[in-house]
Structure formats: C-alpha cells, structure tokens
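The following exercises invite the reader to examine a protein chain step by step. Each task sentence is followed by a worked solution.

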Amino acid sequence: LKPFWLKCPTAAASAFPKEACAYCPQAFFKMQNDEGRIVDLYLPRKCSATNRLIPAKEHGAVQLNVGMVDEAGRYTGEFFTFALAGFIRQRGESDSCLNRLLHEKGLLTFSK
C-alpha cells in the first residue's frame, strides 16, 4: 500500500493542494485563507510566567490584557497580553508572577 500523497497528482504538485481528488482524504486539507496560507481556529497559548503550553481544556487558566494609558488616563488602544496557567494560580504564585512580568515590561516599578 502506498500513502495517498504518492498516488495523488495534486499532492505531488504542491505541498498544500487546493482541491481534493479521489486519492486524498478530507483530513489532508486544512483551513486556508485566500492566499493559500494555512489558518487554524485554535492557537495554543503559553503561560507567560513559565512558558509551558496551556491545554485547551484547562479551565483554571486566565488571560489578561493590560491596557496602556496616556498622561490624562485615557486608553491609547495598545495593550500587553499575559496568560497564566491554572497550576500557577493554584499554587498562589500568580500575583508575584504578574508583578514580575509587569516589571519586565516596564509597566510596574518598585521604587518608593
């Protein structure tokens, strides 16, 4: 038995064929935009504190958007996104991790 991509004329022509043929299973065709680039609906997140992947089914994880403001206190439209995994929150370290991340971005100072 040969794999389908060795028998398929469209798969042999390009790495990501546009149309299905009799040899190609539907799972081979991924979601593509107009330029032919593959786009998926799910993008896995990484914990900002530990760089671990956050699974899709983890309900304890949070994602925070910290907005930038000008001198008058108005939102400028810019923001930083932080994701914290559930095990960091469960251990009670999310506050210190968020303080460290904000300090690294220059958004929080510890001076008196």
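Helices and strands are here DSSP runs, a helix having at least four residues and a strand at least two, and they are numbered from the N terminus. The model under study is predicted.

**Exercise 1. State which pattern the protein chain follows along the sequence, and how many helices and strands it has.**

Step 1. The secondary structure amounts to four helices and four strands.

Step 2. Read along the sequence, these elements give the pattern α-α-β-β-β-β-α-α.

Step 3. The protein chain has 112 residues, of which 20% are buried. Its exposed surface is about 8800 Å², and carbon and sulfur atoms supply 54% of that area.

Step 4. Among contacts with a separation of 6 or more, 27% are between residues 24 or more positions apart.

**Exercise 2. Describe how strands E3 and E4 are joined.**

Step 1. Locate the two strands: E3 covers residues 62-69 and E4 covers residues 75-84. They run antiparallel, and seven bridges join them.

Step 2. Find residues that face each other. Val62 stands opposite Leu84 of E4, and Val69 has Tyr75 as its bridge partner in E4.

Step 3. Turn to the connection. E3 and E4 form a hairpin with five residues between them. In the turn, Gly73 has a positive phi of about 90 degrees.

Step 4. Compare this with a positive phi elsewhere. Asn51, a residue other than glycine, has a phi near 65 degrees. Asn51 belongs to the loop between E1 and strand E2 (53-54), and with a relative accessible area of 54% Asn51 is exposed.

**Exercise 3. Explain why Cys47 and Cys97 form no disulfide with each other.**

Step 1. Recall what such a link is: a disulfide is a covalent bond between the sulfur atoms of two cysteines.

Step 2. Apply the cut-off. A pair of cysteine sulfur atoms counts as a disulfide within 2.5 Å.

Step 3. Check the distance. The cysteine sulfur closest to that of Cys47 is in Cys97, 7.0 Å away, so the two are too far apart for a bond. Starting from Cys97, the closest cysteine sulfur is that of Cys47, again at 7.0 Å.

Step 4. Consider the whole structure: a search finds zero disulfides.

Step 5. Add the surroundings of the two residues. Cys47 is buried at 1% relative accessible area, and Cys97 is buried at 9%.

**Exercise 4. Identify the partners in the salt bridges of the structure, and say how many there are.**

Step 1. The structure holds three salt bridges.

Step 2. Asp70 pairs with Arg74, with the closest N and O atoms 3.5 Å apart. Asp70 is partly exposed at 25% relative accessibility, while Arg74 is exposed at 56%.

Step 3. Arg91 pairs with Glu93, with the closest N and O atoms 2.9 Å apart. Here Arg91 is exposed, at 54%, and Glu93 is partly exposed, at 28%.

Step 4. Glu104 pairs with Arg100, with the closest N and O atoms 3.1 Å apart. Both residues lie in helix H4, four residues apart, which is about one turn of the helix. Glu104 is exposed at 54%, and Arg100 is partly exposed at 34%.

**Exercise 5. Determine which residues Leu107 contacts, leaving aside its neighbours within four places in sequence, and which residues Phe110 touches, not counting those up to four places away.**

Step 1. Place the two residues. Leu107 lies in the segment after helix H4 (94-105), and Phe110 also lies in the segment after H4.

Step 2. With sequence neighbours within four places left aside, Leu107 is in contact with Val66, Met68, Phe80 and Leu102. Leu107 and Met68 are 39 residues apart along the chain, and their C-alpha atoms are separated by 8.8 Å.

Step 3. Not counting residues up to four places away, Phe110 touches Asn99 and His103. The C-alpha atoms of Phe110 and Asn99 are 9.6 Å apart, and eleven residues separate the two positions along the chain.

Step 4. Assign the accessibility classes. Leu107 is partly exposed, because a relative accessibility of 31% falls between the limits of 20% and 50%. Phe110, at 55%, counts as exposed.

**Exercise 6. State which residues form the nonpolar patch on the surface.**

Step 1. The patch is formed by Met31, Val39 and Leu41, which together have about 310 Å² of accessible area.

Step 2. Met31 is placed in the loop between helix H2 (9-13) and strand E1 (45-46). With a relative accessible area of 42%, Met31 is partly exposed.

Definitions and conventions
Residues are numbered from 1 along each chain as its sequence is written. This is a predicted model: local features need pLDDT of at least 70, side-chain atom pairs count only at pLDDT 80 or more; totals for chains, interfaces and linings use all residues. Side-chain values use heavy atoms; hydrogens and water are left out. Two strands pair if DSSP finds at least two bridges between them. Patches are made of residues with over 30% relative accessible area and no salt bridge: like charges are joined within 9 Å, nonpolar side chains (Val, Leu, Ile, Met, Phe, Trp, Tyr) within 5 Å. Accessible areas come from the Shrake-Rupley method with a 1.4 Å probe; for residues, only the protein chains shown count as cover. A salt bridge is a side-chain nitrogen of Lys or Arg within 4 Å of a carboxyl oxygen of Asp or Glu. Buried means under 20% relative accessible area, exposed over 50%, partly exposed in between (1.4 Å probe, protein chains only). Contact means heavy atoms within 4.5 Å.
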